[in-house]
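Hi,

Here is the structure I said I would pass on. Have a look at it first, and then read on for my notes.

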Amino acid sequence: MKVIIHQNAGLSENYAEIHCSEENAEITWAAGILSAVDRRLSGTAGGVEKQLAPADLFYFESVDKKTFAYLESSVWEVGISLREAEERFAGLGFVRINKSMVVNLYRIDAIQNDFEMRVIARLENNETLVINRHYKKNFRDRLEEIKEKLMGGTNEAD
């Protein structure tokens, strides 16, 4: 896909247009990313409220019916459920990995297989998370989708 960026200092708000001969998975994915990029999330910690950018989030965790957003080195309580976090940020690479966690696939540094059919994900901040075997197939499928999009699709043999 060809990308052209035009700067215009006179704009009061940034916007993006997508021109295509037909809408396909790549176009739908790009539109989803663009429309979701500015979805900030309000978080609180120690009496301080902060707007959190989805790209800065490493994962969500549910503990005692509260949902927390983990950034590189801080944790913020957020006022949404884990299911809502999963649905709201799915287009940005977030996926459920176990009963109590949703991870940002773009923040995973490495993955390795573990005993009992589980997978261990090491994040960019060196935290490790367990992908439960029940969620493993969906996790791998979503990871493969992102890999294909980043690599420009799959190459088929001649």
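Which residue does the side chain of Arg96 meet in a salt bridge? The partner is Glu86, with an N to O distance of 3.3 Å. Before you go hunting for that pair, bear in mind that this is a predicted model.

That salt bridge joins two elements: Arg96 sits in strand β6 and Glu86 in helix α2 (residues 82-88), so parts that are 10 residues apart in sequence get tied together. As for accessibility, Arg96 counts as buried because its relative accessible area is 13%, below the 20% cut-off. Glu86 comes out at 22%, so it is classed as partly exposed.

Since β6 has come up, here is the sheet. It is an open one, with 7 strands in the order β2-β1-β5-β4-β3-β7-β6 and antiparallel pairing. The edges are β2 (48-52) and β6 (94-98), each of which pairs on one side only. From one strand to the next, the twist averages 35 degrees. If you want a spot to zoom in on, try β4 (residues 66-70) against β5 (residues 75-78), an antiparallel pair with 4 bridges. There you will find Phe68 opposite Glu77 of β5.

Back to the charges. The structure has 6 salt bridges, and two others are worth a look.

One of them pairs Glu124 with Arg107, at 2.7 Å from N to O. Both residues are in loops: Glu124 in the one between β9 (119-123) and β10 (128-131), Arg107 in the one between β7 (101-104) and β8 (108-113). The two are 17 residues apart, and the pair links distant parts of the chain. Glu124 is partly exposed at 41% relative accessibility, whereas Arg107 is buried at 18%.

The other pairs Glu145 with Arg142, at 3.9 Å from N to O. Why are these two separated by about one helical turn? Because they are 3 residues apart in helix α3 (residues 133-151). Glu145 has a relative accessible area of 37% and is partly exposed, while Arg142, at 16%, is buried. With the cut-off for a salt bridge at 4 Å, the 3.9 Å of this pair falls within it.

That's what I have so far. Shout if anything is unclear.

Cheers

Definitions and conventions
Residues are numbered from 1 along each chain as its sequence is written. This is a predicted model: local features need pLDDT of at least 70, side-chain atom pairs count only at pLDDT 80 or more; totals for chains, interfaces and linings use all residues. Side-chain values use heavy atoms; hydrogens and water are left out. Two strands pair if DSSP finds at least two bridges between them. Axes are lines fitted to C-alpha atoms, for helices over the stretch in contact, and angles run from 0 to 180 degrees between N-to-C directions. Buried means under 20% relative accessible area, exposed over 50%, partly exposed in between (1.4 Å probe, protein chains only).
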